[in-house]
Amino acid sequence: MPHAATEPDRARFLGLCASGRYDEAEPMVDLVYATGSMPPGSEVVARAGFYEDWGDAVAAADPEASHTAYLQAAELYALYASWSPADDRDRLHGVERVEHKLASTRPS
């Protein structure tokens, strides 16, 4: 398990994301969103959000990269949703939202 992120780690990660340098920030995702976060599963949702944000950031300029990022986000949101009772619609919201984005970036 990776060690907890320090404030400088977190600041660097957020700075990279803010400047659209998701490819450089990606290796830090597991550090910043370490397994075992509270509440349970919040690190999975945070990682999914990272990939969804990456897809959003590059959608217009690089649809293929966007599609790849959305695929990762969809997988993580689906994992999180799979841990819930069948009637928990809130957990499915991320899956449905990203599936819609995937459909709009599907390679031809």
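This report covers the confidence of a predicted model, the packing of helices H4 and H5, and a salt bridge in helix H1.

## Model confidence

The structure is a predicted model. Mean pLDDT over the chain is 85, with 87% of residues reaching 70 or more. Among the elements of the chain, helix H2 (residues 22–25) has the highest mean pLDDT, at 94. The lowest, 82, belongs to helix H3 (residues 29–32).

## Packing of H4 and H5

Helix H4 spans residues 42–58 and helix H5 spans residues 63–82. Their axes lie 8 Å apart, and the two helices pack at an angle of about 160 degrees. Because angles over 145 degrees count as roughly antiparallel, H4 is roughly antiparallel to H5. The crossing of H4 past H5 is left-handed.

On the H4 side, the contact is made by Val44, Val45, Arg47, Ala48, Gly49, Tyr51, Glu52, Trp54, Gly55, Asp56 and Val58. H5 contributes Pro63, Ala65, Ser66, Ala69, Tyr70, Gln72, Ala73, Leu76, Tyr77, Leu79 and Tyr80. Sorted by class, the contact between H4 and H5 has 15 nonpolar, four polar and three charged residues.

## Salt bridges

The count of salt bridges comes to six. One salt bridge joins Arg10 and Glu7, whose closest N and O atoms are 3.8 Å apart. The pair falls under the salt-bridge rule because that rule asks for a side-chain nitrogen of Lys or Arg within 4 Å of a carboxyl oxygen of Asp or Glu.

Both Arg10 and Glu7 belong to helix H1 (residues 7–18). Arg10 and Glu7 are three residues apart, about one turn of the helix.

How values were computed:
Residues are numbered from 1 along each chain as its sequence is written. This is a predicted model: local features need pLDDT of at least 70, side-chain atom pairs count only at pLDDT 80 or more; totals for chains, interfaces and linings use all residues. Side-chain values use heavy atoms; hydrogens and water are left out. Axes are lines fitted to C-alpha atoms, for helices over the stretch in contact, and angles run from 0 to 180 degrees between N-to-C directions. Helices (H or I, at least four residues) and strands (E, at least two) are DSSP runs, numbered from the N terminus. Angles under 35 degrees count as roughly parallel, over 145 as roughly antiparallel, 65 to 115 as roughly perpendicular and the rest as oblique. A crossing is left-handed if the near helix is turned anticlockwise from the far one by less than a right angle, and right-handed if clockwise. Contact means heavy atoms within 4.5 Å. Ala, Val, Leu, Ile, Met, Phe, Trp, Tyr, Cys and Pro count as nonpolar, Asp, Glu, Lys and Arg as charged, and the others, Gly among them, as polar. pLDDT is the predictor's confidence in each residue, from 0 to 100.
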